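Biologist: I would like a close look at a single part of this model, taken slowly enough for a first-year student to follow. Please begin with one chain, and then show how its surroundings fit around it.

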Amino acid sequence: MDSPITPQAMETVMIRRPSVRGAAIITRPFFWLITLVVAIFIVTPAIGNNVELRESLLLAAVYITLASNLNLMLGYAGYINFGSIVFFGLGGYICVWLVNSYDWPLWLALLAAGVGVSALSFIFGIGILRLRGPFFALSTIGIVEGVQAFVQNFTPWGGSSGIYISPAVFAPLGGPARALWVVYFALVAVMGLSLYLSYAIKTSKFGLGLLAIGQNEDAAAILGVPTPRYKALAYSASAFLPAIVGGLYFFKGAFIQPSDAFDLTLSTEAIVICMLGGQGTVTGVALGAYLYEELRGYLLTSETFSHFQLVVAGALLLLIVLFFPGGLMGFIYSRFPRTQRLLE
Amino acid sequence: MNRLCLLAAAATLFAAPAFAQDDTITIGMTNSLTGPLNVDSLGLQRGEEYWRDEVNAAGGIKAGGKSYKVKFVTYDDQSVGGRVQQLYTRLVNQDHAQFLFSPYSSGLTAAAAVISEQYGKIMIDAGGAEKKPFLLGNKYLFMVITQADDYLAGAIKALAQKNPHARVAMVYSDDPFSKTVLAAAKGQAKDAGLDVVMDESYAPSTTDFGPIVNKIISSNADAFLGGGHYSDGATLARQMYDQRANMKWISILVAPGDDKFAELGGAALGVTVPSQWEPQVSYKPDFGPTTAEFAKGFEAKFHAKADYHAASGYASGAILQHAIEQAQSIEPEKVVAALNATDVTTFFGRVKFSTDPASHGLQVAHQMVLAQWQKSDDKLVRQVVWPQQAASAPLIYPISASQ
Amino acid sequence: MLGIIASLIDGVLVGLVYGLAAMGLTLIWGVMDVINLTHGTMIVGGMFALYLLATALGMPPYLTLPPVLIGGFVVGVALYWVAVHRMIGRPPLMSLLSTFAVNLMLIGIGTGLWGTALFNVSVSLPGLSIGRYTFPGAHILAAALAALIAGLLYLFLHKTRLGKALRAVANNREAAELVGIPTTKLLAIAVGCGVALAGVSGMLIGTLFPFTVLSGDGYQLKSFVVTVLGGFGNPVGALMGGVALGLLEGAVTPFVPVSWTLVIEFALFVLVLIAFPNGIFARRGAL
């Protein structure tokens, strides 16, 4: 991005330096805040075996993970990635395929999905990260469509029919009912990792470099930020946890097909979430994801609004882009400047 | 953030779940009100709604000395699989649906079947004909329609009778249902001695079939089997007509089964479609309305003619009702046992489920017919042409003879 | 052999229409560096205008071209004031998101109004046959009209005062402002023209293929590919890009299973983007 004229709110968000550099991450209040959120996610549905709440929080956890990782590219480095869904979908495919065809244990398959997709995205990244601004965004759309078209034709993964998992694979986890809980806890753990990662990167030299790239890439390069390496690393890092979440999500669904795995809508929803909460912030993106999922759940099932879900989402996004480019956190920071010290 | 989260979590926690009343049966389902499948899905939904209204007007489903009124909870799945799973989870957990109906299409049904199985809810499938989900050992899934493997069997027999040396082009949508149908059809065509000269799939979103039609012409085929769902099938028919592919035989899946297909005019003429049900075929029902009663009642209610999607929608309700009445209970295990024992003929035809653990719930009795768009008094109508004993008009071959 | 030639001719015919569709996208990009993500929906708008005018009002299909052109222009100017004006000079992310947001709303409204059912406008014109292969008359006419409109656009940009002013704004907005060109007005006109072109291409495509409210996505993606092949901000290049894409499809189809065409198309798209980040026929800032 060349010479962005970002409004005040956004600049305060992005130029802040890590507040307590050097101190171990565990001693910082924000670390414990994340831990508290994770604990809430684990404890509340477990009280009284509340499956209903679990399913709602599960989706929120998926959104939080996807949006937080997208934020590494979008909010920190200023690169719009319409293709974050590719990580999710490929991760899902690798995991489901290994579990189903080779009887791998879930944990190993998830790890393989994460590592495999990260490696792949590193290679993709070397190519497309030479592109700037809208060109990068366009190429990521091309990648989504290309990968989807490829998987449609890729017979080992069932082509367009996808892969069906037999309910029998849930047996090692103690049957379907218990497996759903196990998957949920794993998902929440990944969500927690995403938040820690976002926070850790933001307060590191690496994160500062990314923020500098987001402000002005040429200037950052001149000042000694190794921009190509940093960008490729961020791109690849932002692939790891979404791939694992994809693995868990499609394992839970016991069924994966290309049109679901590479649905561009989820990518764009993740972008909307980042904007809603405040790109470049950890808290905002998590909060945005949670609120978005609640809103979407309401719109999708309400009699009056189910047809207008898109209209409402669109209007919301337009208002944010036009009038509150800093999103929710931008608004909170400007209203209550002291929150900046606590909420990253 | 933590406090907000807590508040929101607490709010969700204390929102009183709406428990179904004792003498109500809640059936949950999603429909594709929007998205590429909406034309096909609408018929299914109307059939189900018509069944519900009929049952409630007659006092409900009677079992164990009680009368249960039927209540539907429906959501729009937008033809997207990911949404289907979320919504069925919601139907089970939040709306406390006791029974489920499948969404439309094989892909969506496979997605929904995972949920019904995980939560042990009976799901009647009238929208997905692919057999794969039935080979996984599911216990609560029951298919009332003929499965995908048999869709084109009649068409191939009829074609082989008219032209034993037909050169067949198979061009079909790259979706689970169409691929299964055509894979089975390929084997059946070879067994019948037909020559398959082209076998290709296209992306379901394809709108420009020009290059594909040229390729069909180049293949020297004189018979066409393929299609997918409504949008692509209708487009393909029109472009073959515009580009004068001059096929002697065209069988397209699903699309010509809808009355909207007649809008294509000349392009529709002579096209055949495998159909789960046509109003001209009359079975003698031992349960539920007769074909005439159903067709008339449906048309009075919706001001549209019933197609096979509507009939299969009604049938899924009728079969569930029959099973509950047989079981005299709405306990899932008892209804499952009744469904396993079901062997009943409705206006939709005979229905019986496989009880073999390796293919549990698969339909084994229902028969399909082949319908053809023909000209009658200057209007396009769909006539049943195969099997011959059920035919309402003679099969026209080649297509050029239908002018 | 004849089959391959037929396939190539078909490719050129359809490619010209794709080129016209992409022209609107690339014009807006060329003038103000904004990627209009409502593009696909505007194409669909043209299709539905055709449907309503031709079916409800009984107009001959090709006579709907002028009203679609004018309507598209008005809609485009409105789009500029709603979604683009405040984004000028801000990071490209912002205009991408604002047009994306408008697109969501338009699709939502469109789905509310028409559902996602298939619409079909039948145009029967005598076709042209080579051997067993037939090129429908509607395809030939649509391709000819697309080429004609592209030619008119070229004349407009190079021979008229307004067109020259547009190119000046594209070249250097500050300088254009200094010599007294009302840039804001011109930016609005550029978006108007871009949307009008999208609408007209939609109207032409509507005479060829059936369509739904959601058809826009596919044509928008095609427009991206065409733009990348033809060069960003180069409307005439877009026409060449369209023909190149059409030829590619035509050349590939006879030899490769149809379902692989998309894989090849998008792989090429990403590779060309990486190799020529500004497009093959790029002439930045000159239109």
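What percentage of the 287 residues in chain C is buried?

Modeller: This is a predicted model, in which local features need pLDDT (the predictor's confidence in each residue, from 0 to 100) of at least 70 and side-chain atom pairs count only at pLDDT 80 or more, while totals for chains, interfaces and linings use all residues. Residues are numbered from 1 along each chain as its sequence is written, and chains are lettered from A and ligands numbered from 1 in the order in which they are written.

In chain C, 59% of the 287 residues are buried, where buried means that 20 or more other C-beta atoms lie within 10 Å of the residue's own, exposed means 12 or fewer, and partly exposed lies in between, with C-beta atoms placed from the backbone. Chain C contains 11 helices and two strands, these being DSSP runs numbered from the N terminus, with at least four residues of H or I for a helix and at least two of E for a strand. Read from the N terminus, the order of these elements is α-α-α-α-β-β-α-α-α-α-α-α-α. A compact globule of 287 residues would have a radius of gyration near 19 Å, and chain C agrees because its own value is 19 Å; the radius is taken over C-alpha atoms, and the globule rule is 2.2 Å times the number of residues to the power 0.38. The C-alpha trace of chain C spans about 60 × 45 × 35 Å along its principal axes. Two residues are in contact if their C-beta atoms, placed from the backbone, lie within 7 Å, and of the contacts in chain C between residues at least 6 apart in sequence, 79% join residues at least 24 apart.

Helix 3 of chain C, residues 65-84, gives a detailed view of this burial, since its buried residues include V68(C), G72(C), F73(C), V77(C) and Y80(C). The cover over the buried residues of helix 3 includes helix 2 (39-56), helix 4 (92-114) and helix 8 (183-208) of chain C, and also helix 14 (309-323) of chain A.

That helix of chain A leads on to the contact between the two chains, which takes 37 residues from chain A and 35 residues from chain C. On the side of chain A that touches chain C, helix 5 (106-128), helix 6 (133-153), helix 12 (264-277) and helix 14 of chain A each supply at least two residues, and helix 6 of chain A gives the most, with 15 residues. By class, this side of chain A has 25 nonpolar, 10 polar and two charged residues; Ala, Val, Leu, Ile, Met, Phe, Trp, Tyr, Cys and Pro count as nonpolar, Asp, Glu, Lys and Arg as charged, and the others, Gly among them, as polar.

In soluble globular proteins, nonpolar side chains tend to be buried together. A nonpolar core is a set of buried Ala, Val, Leu, Ile, Met, Phe, Trp, Tyr and Cys residues joined through C-beta atoms within 7 Å, and of the 359 residues in the largest one here, L187(A), V17(C) and A190(C) touch the most other members. Helix 1 of chain C, residues 2-32, gives the largest share of this core, 18 residues. Domain 1 (2-146 + 282-359) and domain 2 (150-275 + 368-402) of chain B both give residues to the core, so it lies between them; the domain bounds come from an automatic or database domain assignment. Not counting residues up to four places away in sequence, L187(A) touches L58(A), A61(A), V62(A), V245(A) and L248(A).

Chain B completes the surroundings, with 11 helices and 15 strands, and 61% of its 403 residues count as buried. The centres of its domain 1 and domain 2, taken over C-alpha atoms, are separated by 30 Å, and 13 residues of domain 1 are in contact with 17 residues of domain 2. Chain B also meets chain A, in a contact that takes 36 residues from each of these two chains. The largest share of the side of chain B that touches chain A, eight residues, comes from helix 1 of chain B, and by class this side has 16 nonpolar, 13 polar and seven charged residues.

Confidence deserves a last look, for chain A has a mean pLDDT of 85, with 91% of its residues reaching 70 or more. Within chain A, confidence is lowest in helix 1 (residues 8-15), at a mean of 40, and highest in helix 4 (residues 84-102), at 94.
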